[in-house]
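Please read the following walk through the model with the sequence and the structure side by side. The text moves from a sheet, to a contact between chains, to a single residue.

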Amino acid sequence: MLRITNGKVYDPANGIDGQIKDLYIDDHGRFVESIDGGRTIDASGMIVFPGGVDVHTHVAGGAINFARAMTPEDHRRTQAFIRTKTRRSGIGGMAPTTFATGYLYAGMGWTTVNEAAVPVLSARHTHEELSDIPIVDKASLTLLANNEILLDQLEAGEYERAKSIAAWYIWAAKSYGVKAVNPGGITAWKYGDNARQLTSPIPGYNKLTPGGIVTHLARICEELGMPHPLHLHCNNLGVPGNISTTIDTLKHLEGRRAHIAHTQYHAYGGDDWHTMCSETAQLAEYFNTHSNLTTDAGAVLFGDTVTITADGPWQHLLYKLTGRKWGNLDVENETGCGIVPYTYRPSNLVNAVQWASGLELLLLIRDPWQVFLSTDHPNGGCFWRYAEIIKLLMRADFRKECIQRLPDKIKKRITLPQIDREYTLYEIATAMSAGPARALGLKQKGNLGIGCDADVVIYEEDDDVERMFGHPRYVIKGGEVVIEDGDIRETPEGREFIFKPSYAPETEDFIRPLFEDCYTMSFDNYPVELERLEHPEVQEGTKP
Amino acid sequence: MTRETPEMPENGSPVVLRLKRSPTVPLEAEVISPDVLGRLSNAEIRSLTVYHGKRQLPLGEFFDVEGEASQDLELHGNLTKVRWIGRGMSRGSITAHGTVGMHLGAHMSGGRIEVHGDAGDWVGAEMKKGFIHVHGNAGGQIGAAYRGSLSGMRDGTIIIDGSAGLEVGMRMRRGTIVVGGPVRDFAGLQMKGGTIVLLNGAEIRTGAWMNRGTIISLKPLQLMPTFAFATEFTPTVFRVIARRLAQWGIKLPYAASEGTYRLYSGDLAVPGKGEVFVWQPAA
């Protein structure tokens, strides 16, 4: 039992904006009206937030593990976590190891993370890693937009069967939602091609288009009653002039709900790398007039990182552009994956436009319930640098100083210098916690109301917001004090959120022969057993 | 390093380390560097920590130490298993009489290392500046980038009188490597700049993946098909290089009467702008 007294509470889910309020937590790790006895944390002069929720990150599974293996140079220079009685060893850096990931997220006040790209084929591996990420609660999304068994059904016009197959996959992967990455593009990549036009048939198909996949998957998610709508990584990521593709994609949703991932990478104008500019104003306007959509920024921070995505063709292009290392994975019939270490430099015009675009989206989309803090970790920057972004959002003068350091040529290509908006603490609490929790459909997260999970982060009020958000005074996860005065006190194991949609019982018999025809593993080893997961929390779909 | 006693003034005579007990497993001894020993008393030097496998032991367990507080170190004994000598040093000198182990002078940014004997792999790996002269043979990855790093040595000079192993100058960005004896495969692998002088040629795949940089060979090379013959000539700058190398008794021919160099450019598979010069003595 725990009570937090006299703190200035920011709880956007309940409209509480900086009122002094006491919070009570029972032995089950939930907020209650009152308690008897137990510890009291005097939060006088401190700021109380709901624990952070990362709606889009890459922390477990084949891709991030490949990135770890590919960047030994980073391991040599990065922070080491030395084993203690209560803590496991690990390293931080661009692609932190599993245990370190949990310590770093919690150390920053984040208590829920969503691993945004998991092929069914590596779901087992991903869950093993997720269970080794301590403290935080987790969810994962299944990659479906390039799954050939599914696409073949859509091509044949068998929508109902495709829906059942999608549902079967979600349950087979023990995942929480559906992710679409470069719909059709990775399938085409297997033939050395890409899918650049939303309305042209995908190479290898006669009728099916990327736009068609978007429409169908959004409808499938809606009809299955998914708590989190389609999580969409649009086509033509990172390409100058891709704004038209992005807007077209949003139109293909036909008014359905969707979460658009790392929009910063999808908001460029210009014709090539020399004329590339930010078109965030246009995209932000679309979001401002379409409340069915949410997004995360995918903001870029200058410095070294490693880019990882299922978007294989884009990674090959990035490798060709940079001459850096390149890793490519072929995930059988399901998707692809590419890894390229990358350095964002302020002196590089393209990188500078990317840096500005991420912030512009966060500032131009008016409703913080629609746009969330993310760097698409580790693609735009590492998650443990979120406090830097918060500072850029809350301090317009600091932002102006940073813009001054960019090349002069940049200023015509971005709108950031004209934006004076500063985030309030209430808006930060929305964009880092309440908003992403609501978009994920996690009602018990990002919310300090009665009955919700007692995930709380308490900051010492400080004018230096980067220091304040980077070093919380207390972090409480499920009622347990996990971080206190900069030390890790407890490392409880987190839960995994899973959604079980309903599907036609004959679906498995339909998939089996197709699977056995071309996969390299046995079908019986393919779905992940629920018993395999350490702390699953299953939510069942209601619609038939 | 935190110190309780005041710093010793430097003195003129070198600190002499004599190996008294042979390590049974590799001994990681990056403390053997003028930057660490330069201001320490004899007792402090003996108590410095070295890693014998996973065990932390004082330096005095393995070495007799004479002298104190000097920028100049002298090492004696068979140091084959002693690694990281002169790691990251920025000043002073190390003179070793006997064979030394892997990672000699890795990451160094200044000073001189001289070895009267052989050296292991990774001599001067990722060094920034300074001078290393190995009078015997050396292993592979001389002046190279460690696995995963973008670039190897950034400046400085490494001279190996004897032979050298694989991947000499791998991903080096600047600086000079001279090898007197035969060199094995992949010399100048993925080179980004700098100069490698091969007095006795090299085995196969020399300059593979090179982007920029210069490889000079005084013996014929079996070049990869991705290197294109460009022309025959002796660049004027070779006189400057030759004059610099002459101070260590190395003779780089450049007079037209003696012959000329055949220039190959590549590696065209990258495609790179590197150059490989192969000496063609006058008939």
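This is a predicted model. In chain B, strand β2 (residues 27-28) and strand β3 (residues 49-52) run antiparallel to each other and are joined by 2 bridges. One residue to look for here is B:E28, whose bridge partner in β3(B) is B:Y51.

This pair of strands belongs to a wider arrangement. An open sheet of 4 strands in chain B follows the order β4-β3-β2-β7, with mixed pairing. At the edges stand β4 (55-58) and β7 (82-83) of chain B; each has a single partner strand, so one side of each has no neighbour in the sheet.

Next comes the place where the chains meet. Chain A contributes 5 residues to the contact and chain B contributes 6 residues. Between chain A and chain B an area of about 400 Å² is buried, and carbon and sulfur atoms account for 53% of it. On the side of chain A that touches chain B, 4 residues are charged, 1 is nonpolar and none is polar. Across this interface there are 0 salt bridges, while 3 residue pairs are in polar contact.

The last stop is in chain A, where A:L230 is part of strand β12 (residues 230-233). Is A:L230 buried or exposed? The relative accessible area of A:L230 is 0%, under the 20% limit, so this residue counts as buried. Residues that A:L230 touches include A:V178, A:A180, A:L217, A:C221, A:L253 and A:H259. Another of its contacts is A:V214; A:L230 and A:V214 are 16 residues apart in sequence, with their C-alpha atoms 8.7 Å apart in space.

Key:
Residues are numbered from 1 along each chain as its sequence is written. Chains are lettered from A and ligands numbered from 1 in the order in which they are written. This is a predicted model: local features need pLDDT of at least 70, side-chain atom pairs count only at pLDDT 80 or more; totals for chains, interfaces and linings use all residues. Side-chain values use heavy atoms; hydrogens and water are left out. Two strands pair if DSSP finds at least two bridges between them. Contact means heavy atoms within 4.5 Å. Buried area is the accessible area (1.4 Å probe) that two parts lose on being put together, summed over both. A salt bridge is a side-chain nitrogen of Lys or Arg within 4 Å of a carboxyl oxygen of Asp or Glu. A polar contact is a pair of N or O atoms within 3.5 Å; within protein, one must be able to donate a hydrogen and the other to accept it, and residues adjacent in sequence count only if both atoms are side-chain atoms. Ala, Val, Leu, Ile, Met, Phe, Trp, Tyr, Cys and Pro count as nonpolar, Asp, Glu, Lys and Arg as charged, and the others, Gly among them, as polar. Buried means under 20% relative accessible area, exposed over 50%, partly exposed in between (1.4 Å probe, protein chains only). Lists of a residue's contacts leave out its neighbours within four places in sequence.
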